[in-house]
Structures are given as C-alpha cells and as structure tokens.
Amino acid sequence: MKYMGQPYNAAVKPLLILTPKEKILVDTGIGELPEKYQKLYNVKRTNQENLKTQLAQHGLRQEDIDIVVNTHLHFDHRGNNALFKNAKFIIQADEHKYAQEPDRFQQAAYMSELFDTKIDYEHVHGKRQITDGVHVVPTPGHSIGHQSVIVKAEDKNYVYCGDAAPTKENLERRNIPGVLYCAHKALKSIDELRAIENAVYIYSHDNEQPHL
Ligand SMILES: [Zn+2]
Ligand SMILES: [Zn+2]
C-alpha cells in the first residue's frame with residue numbers, strides 16, 4: 001500500500017466477534033484483487049492468512065456469518081463482502097452513499113468499480129446497538145462515514161478502531177491517518193476513541209499488535 005508517498009506494508013485484519021446468538025465479522029479484508037490492481041497493491045498473504053482459512057480455524061464457514069459490519073467501504077475493508085451470502089451488512093448511511101460516487105481524490109481508496117452493488121446494506125445513522133454488548137459509534141474523518149465497533153465483555157470495552165486509528169501510533173500520538181476526508185473530524189474521532197473507559201484497542205493495520 002502506498003502511504004504518504006512511501007511504500008508501506010500494512011497488515012489488514014478483520015475481526016470476528018462470537019456472541020451467544022450471532023457470528024459477527026467486522027470488515028472483510030482486501031479479497032482477491034484483479035490483476036491490474038495487484039501490480040499497484042502488492043498483497044502478501046499466506047494460505048493460513050486467507051479469510052476462509054481463518055474462519056475454518058474457528059469451525060466456521062462463510063455461510064455461518066450472520067452480520068458483517070463494515071467500518072467503511074475502502075477496498076481493503078470490504079474486499080470479501082460478496083462471500084457472506086447469509087449476512088446482514090451494516091454501514092453508516094452517508095458512507096454507503098459516498099462510496100457509490102466518491103470524489104476523485106478518494107476513488108483509488110474505494111475502487112467502487114470492483115464491487116457488486118447487489119449487497120443490501122442496512123443503513124445506520126450515528127451510534128447504534130448491533131446486538132447485546134456490541135455497538136457501533138461514528139468515527140468520521142478518514143472517510144466521510146467511518147464507524148468503529150465496541151464490544152463490551154466483562155469489565156472491558158474492546159474497540160475495533162478501523163481506519164480511524166489504523167495503528168497504535170495513530171491513537172497514542174494523536175496522529176491522523178494519511179488518507180483523509182476531513183482532518184478536523186479525524187482528530188476529533190481519535191480523541192473520542194481515546195476517551196473510552198477500560199478500553200482495549202484493536203487496530204486494523206498494525207503490524208506489531210499480537211493476535212488477541
Ligand atoms: Zn480506509
Ligand atoms: Zn484500511
């Protein structure tokens with residue numbers, strides 16, 4: 001991935017949430033890019049890191065996923081959406097609308113031409129509970145309608161930041177991401193994430209963070 005003009009090899013990590021009732025996936029990774037895009041984005045992925053293989057390690061098939069939450073619709077967060085035929089898809093309404101006709105400077109991030117628009121996204125406006133203990137909060141700035149996901153488990157809030165804070169450094173040093181829709185909102189979103197009590201942060205593109 002090109003990042004601030006420098007090649008940057010970043011991890012891309014969807015999150016699986018298992019509740020007593022539902023199997024929820026947050027983002028679906030980069031998927032299989034057509035050849036002409038593979039030259040631009042040098043995807044390094046072992047078979048073990050393939051999303052289907054990762055799900056199989058939890059005894060799950062793609063049909064078992066009940067809910068997919070997309071933090072936003074940049075190509076590296078929805079590449080495998082089409083695999084999940086039985087899932088309900090949850091996205092902020094303004095993100096979905098924008099993804100269909102992004103401004104020129106964001107077109108490469110969305111690659112909307114690659115994606116099947118048949119997916120029936122359920123629109124969310126702002127904060128929303130998804131199921132017991134799981135909710136989304138709006139964290140715009142990196143993209144127009146970015147959302148992060150918070151899972152309450154015992155006394156902790158597990159926060160999937162998405163690209164609002166793609167790495168630990170973004171959150172801890174209040175560094176706004178390199179790809180931006182609005183810098184002011186991006187910083188406000190980082191500060192809102194930092195203010196969450198008893199938080200355990202999960203970063204979408206951090207190479208250092210161990211598996212949780
Ligand atoms: Zn993004
Ligand atoms: Zn990303």
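In the predicted model, the side chains of arginine 173 and glutamate 169 form a salt bridge, with an N to O distance of 3.1 Å. Arginine 173 is exposed, at 60% relative accessibility. Its partner, glutamate 169, is partly exposed, at 40%. This pair belongs to a structure that holds 7 salt bridges.

A further salt bridge joins aspartate 64 to arginine 61 through their side chains, at 2.9 Å from N to O. Arginine 61 has a relative accessibility of 51%. This residue therefore counts as exposed, the cut-off being over 50%. The contact is part of a wider arrangement: Arg61, Glu63 and Asp64 are linked in a network of salt bridges.

The strands provide the setting for another ion pair. An open sheet is built from 5 strands. Their order is β3-β4-β5-β6-β7, and the pairing is mixed. Strands β3 (15–18) and β7 (121–124) stand at the edges. Each has a single partner strand, so one side of each is left without a neighbour in the sheet. From one strand to the next, the twist averages 25 degrees. Strands of a sheet pair through backbone hydrogen bonds, in either a parallel or an antiparallel manner.

Within this sheet, β5 (residues 67–69) and β6 (residues 88–92) run parallel. The two strands are joined by 3 bridges. Valine 68 has phenylalanine 89 in β6 as its bridge partner. Helix α4, spanning residues 93–100, lies across β6 and β7. The helix runs at about 90 degrees to β6.

Strands β6 and β7 also carry the two partners of a salt bridge. The side chains of lysine 88 and glutamate 122 meet at 3.8 Å, N to O. This pair links distant parts of the chain. Lysine 88 lies in strand β6 and glutamate 122 in strand β7, 34 residues apart. Lysine 88 is partly exposed, with a relative accessible area of 37%. Glutamate 122 has a relative accessibility of 26% and also counts as partly exposed. Buried means under 20%, so the value of glutamate 122 does not place this residue in the buried class.

Strand β6 thus recurs in several of these features. β6 is joined to β5 by bridges, has helix α4 lying across it, and contains lysine 88 of the salt bridge to β7.

Methods. Residues are numbered from 1 along each chain as its sequence is written. Chains are lettered from A and ligands numbered from 1 in the order in which they are written. This is a predicted model: local features need pLDDT of at least 70, side-chain atom pairs count only at pLDDT 80 or more; totals for chains, interfaces and linings use all residues. Side-chain values use heavy atoms; hydrogens and water are left out. Two strands pair if DSSP finds at least two bridges between them. Helices (H or I, at least four residues) and strands (E, at least two) are DSSP runs, numbered from the N terminus. Axes are lines fitted to C-alpha atoms, for helices over the stretch in contact, and angles run from 0 to 180 degrees between N-to-C directions. Contact means heavy atoms within 4.5 Å. A salt bridge is a side-chain nitrogen of Lys or Arg within 4 Å of a carboxyl oxygen of Asp or Glu. Buried means under 20% relative accessible area, exposed over 50%, partly exposed in between (1.4 Å probe, protein chains only).
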